[in-house]
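This report describes selected features of one protein model. It should be read with the sequence and the structure in view.

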Amino acid sequence: MRACVPLIVAMLCGLAWAGNRKSCASRCNERFDRDAVCQCDRRCPRHGDCCEDYEQLCTGLYLAPSSCQGRCLEAFDKHHPCHCNARCPEFGNCCEDFESLCGHEGFSHSSDAISKEELQSVSEKIYSADTNKARKEDIVLNSQNCILPSETRDQVDRCPEPLFTYVNEKLFSKPTYAAFINLLNNYQRATGRGEHFTAQELAEQDTFLREIMKTAVMKELYGFLHQQNRYSSEQEFVSDLKNMWFGLYSRSKEERDSSGFEHVFSGEVKKGKVTGFHNWIRFYMQEQEGLVDYYSHIYDGPWDSYPDVLAMQFNWDGYYKEVGSAFIGSSPEFEMALYSLCFIARPGKVCQLSLGGHPLAIQTYTWNKSTYGNGKKYIATAYVVSSIH
């Protein structure tokens, strides 16, 4: 992609965006900080300027788990009262049911833990396997103005032109793209309104999973997770993907109004602000319909081919997204593979990957208010943090 001008601005954008002022870690209930990208004070929900992890870290919406149900070999999280990782017996901080729930599991031992090096290796293999990604000539971007992180709250449209100048829509006729696009109109974006799928919409979920599992990208992911003792069969893996991504839970009131897929790929509106919405295909299609207005960006990835990464500001039919990161030019199966890999290997943590020789980090969060199966967790969100760390 074209670098921001001047170069020093691009470096400041990327480095500041990757900094700790975009998270509520160690910031809960602090006073308003005008220099921070987002806020963690008690009034931020009213003003709509909370950090994305505010609910996770500062409220009771994401409950700190006191059991190992669905958490065996989960990465250490200092915010949890007890732990279920392979070293918790060594430190004496295991949950009371650790032994009964995790002691017999094939991947509850340190020898089966997924290392950072293994994550970087398999992510490079997934990157190489994505033959359905856009070619350089398939997409022409007009990224225009790069702004400072301190300016993201201004809600000023600094880009008079659309983000996408051209997209080769023949991409969308590929089976995985077509199946993915069919899913996007199956959701109501406002939280608090229950989702009710028709038989056809449920069949579209199965079709999407079936199509992506035919690809080398997902075969690479399954092969790796099978080798790591996470899944004993492809059928088990696909069933778990369907639950973690498409299973419904309640972000607002008592309605089953959300899912990981809806949040991450389609986007939602909660308390007057855009949440999720981390997909370039969705962005392009909404921009074509005049429903998305691209405002600016604060980060432009280092890749000179697709997929690339852009962190941007935009208005979605009357609602503002302060920082929305997205892969650009990636196939649907590529994004599903990386987000799923990180959710399984580093749930609720930053996941360090490597793509084309460049580092990249993905943050996932688990939904802890409800579970499926034997205490397994749904995906609350997943998004690119940055490629600078």
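The model is predicted, and the account begins with its empty spaces. Rolling a probe the size of a water molecule over the atoms shows where empty space is left. The structure holds 1 cavity of 30 Å³ or more. The volume of the largest cavity is about 40 Å³. Its lining consists of 10 residues, and those closest to its centre are Glu-74, Asp-77, His-80, Pro-347 and Gly-348. By class, the lining of the largest cavity has 2 nonpolar, 5 polar and 3 charged residues.

The largest pocket has a volume of about 830 Å³. It is lined by 41 residues, of which Cys-50, Cys-51, Glu-52, Lys-273 and Thr-275 are the closest to its centre. Two or more lining residues come from each of these elements: helix 2 (44–47), helix 3 (54–58), strand 3 (268–270), strand 4 (273–275), strand 7 (319–328) and strand 10 (376–386). Which strand gives the most to the lining of the largest pocket? Strand 7 does, with 6 residues. The lining of the largest pocket divides into 16 nonpolar, 13 polar and 12 charged residues.

The two linings may be set side by side in a table.

| Lining | Volume | Nonpolar | Polar | Charged |
|---|---|---|---|---|
| Largest pocket | about 830 Å³ | 16 residues | 13 residues | 12 residues |
| Largest cavity | about 40 Å³ | 2 residues | 5 residues | 3 residues |

Cys-51, listed among the residues closest to the centre of the largest pocket, also takes part in a disulfide. A search of the whole structure finds 3 disulfides. One of them joins Cys-38 and Cys-51, with the sulfur atoms 1.9 Å apart. This link is right-handed, with 95° about the S-S bond. Cys-38 is in the loop between helix 1 (7–17) and helix 2, and Cys-51 is in the loop between helix 2 and helix 3, so the disulfide ties together parts that are 13 residues apart in sequence.

The report now turns to the packing of helices. The axes of helix 10 (residues 234–246) and helix 13 (residues 332–345) come within 12 Å and cross at roughly 90°. Helix 10 is therefore roughly perpendicular to helix 13. On the side of helix 10 the contact is made by Phe-237, Leu-241, Met-244 and Trp-245, and on the side of helix 13 by Met-336, Tyr-339, Ser-340, Phe-343 and Ile-344. These contact residues comprise 8 nonpolar, 1 polar and no charged.

Helix 10 also meets helix 9 (residues 216–227): their axes come within 11 Å and cross at roughly 110°. Why do helix 9 and helix 10 count as roughly perpendicular? Angles of 65 to 115 degrees are placed in that class, and therefore helix 9 and helix 10 are roughly perpendicular to each other. Met-218, Leu-221, Tyr-222 and Leu-225 of helix 9 make the contact with Glu-234, Phe-237 and Leu-241 of helix 10. Here the residues divide into 6 nonpolar, no polar and 1 charged. Phe-237 and Leu-241 thus appear in the contact with helix 13 and in the contact with helix 9.

Two backbone details complete the account. A cis peptide bond joins Tyr-306 and Pro-307, with omega about 5°. Pro-307 lies in the loop between strand 5 (292–300) and strand 6 (308–316). Gln-144 is not a glycine, yet it has a positive phi of about 55°. Gln-144 is found in the loop between strand 1 (139–141) and strand 2 (164–167).

Technical notes: Residues numbered from 1 in each chain as written. Predicted model: local features only at pLDDT ≥ 70, side-chain atom pairs only at ≥ 80, totals over all residues. Heavy atoms only, no water. 1 Å grid on protein atoms, 1.4 Å probe; cavity = no way out; pocket = protein on both sides within 12 Å on 5 of 7 lines; lining within 4 Å. Points joined across faces, edges and corners; volume = space filled by probe spheres on them. Helix = DSSP H or I, 4+ residues; strand = E, 2+ residues; numbered from the N terminus. Nonpolar A, V, L, I, M, F, W, Y, C, P; charged D, E, K, R; others polar. Axes fitted to C-alpha atoms, helices over the stretch in contact; angles between N-to-C directions. Parallel < 35°, antiparallel > 145°, perpendicular 65-115°, else oblique. Contact = heavy atoms within 4.5 Å. Disulfide = S-S within 2.5 Å.
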